[in-house]
Amino acid sequence: MSGSQSHVELTGNMSYAAALATIAKIWPHLPVYFYRPTIEHYKEGLPSGEDLELRPDEPLNSLATSPVILRGDMTVQKFHAAIMVGFSLETELRGLAIHAIWMTTLDEADSGVRRGHRE
């Protein structure tokens, strides 16, 4: 899980559409989305993360002061943690089982590798 040269930098004033485009330049097949959860989402699971997805023109977090660096060799779990700490946003990868996020890297998720899941 080391040695990947792929990386991107996201900033808080970046729009959601710009952030996704930046990520897609390096990981074009990474099915990620970001959302701001609600109390209902945490308590009841409704609305879903997809229902709460950011609008394309919405900034990630205009109060964030430091950029978030994403690297291809970081696990999906570390990616999620970086976005949560940097921008107070939740992330989800469509089609990736929750138990696989601990071992699957961004580079692997982009290439379709689904480590930790039985065929």
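Y16, F34 and F79 form one aromatic cluster. The model is predicted, and this briefing covers that cluster, the helix that contributes Y16, and two serine sites. Y16 belongs to helix α1, and F34 to strand β2, while F79 lies in helix α3 (residues 76-87).

**Aromatic cluster**

- The count of aromatic pairs comes to three.
- One of them joins Y16 and F34, whose ring centres are 5.7 Å apart with 45° between the planes, a tilted arrangement.
- This pair links distant parts of the chain, as Y16 in helix α1 and F34 in strand β2 are 18 residues apart.
- Y16 and F34 are both buried.
- F34 also pairs with F79, again in a tilted arrangement, at 6.2 Å centre to centre and with 50° between the planes.
- The pair of F34 and F79 likewise connects distant parts of the chain, strand β2 and helix α3, across 45 residues.
- F34 has a relative accessible area of 0% and is therefore buried.
- F79 counts as buried because its relative accessibility is 1%, the cut-off for buried being under 20%.

**Helix α1 and its packing**

- Helix α1 spans residues 16-26, and its buried residues are Y16, A19, T22 and I23.
- Viewed down the axis of α1, these buried residues fall within an arc of 125°, so they line one face of the helix.
- The buried residues of α1 pack against three strands: β1 (7-10), β2 (32-35) and β3 (68-71).
- Y16 thus appears both among the buried residues of α1 and in the aromatic cluster with F34 and F79.

**S6, before β1**

- S6 is located in the segment that precedes β1.
- S6 counts as buried because its relative accessibility is 16%, which falls under the 20% limit.
- The side chains of S6 and D107 are joined by a polar contact of 2.8 Å.
- Leaving aside residues up to four places away in sequence, S6 touches I26, W27, L70, R71, G72 and D107.
- D107 is therefore a contact of S6 as well as its partner in the polar contact.

**S88, between α3 and β4**

- S88 is found in the loop between α3 and β4 (90-93).
- The phi angle of S88 is near 60°, a positive value in a residue other than glycine.
- S88 counts as partly exposed because its relative accessibility is 46%, a value between the limits of 20% for buried and 50% for exposed.

How values were computed: Residues numbered from 1 in each chain as written. Predicted model: local features only at pLDDT ≥ 70, side-chain atom pairs only at ≥ 80, totals over all residues. Heavy atoms only, no water. Buried < 20%, exposed > 50% of the residue type's maximum accessible area, 1.4 Å probe, protein only. Helix = DSSP H or I, 4+ residues; strand = E, 2+ residues; numbered from the N terminus. Arc of directions from axis to C-beta. Contact = heavy atoms within 4.5 Å. Phe/Tyr/Trp six-rings, centres within 6.5 Å; stacked < 30°, edge-to-face > 60°. Polar contact = N/O pair within 3.5 Å; in protein donor to acceptor, adjacent residues only side chain to side chain.
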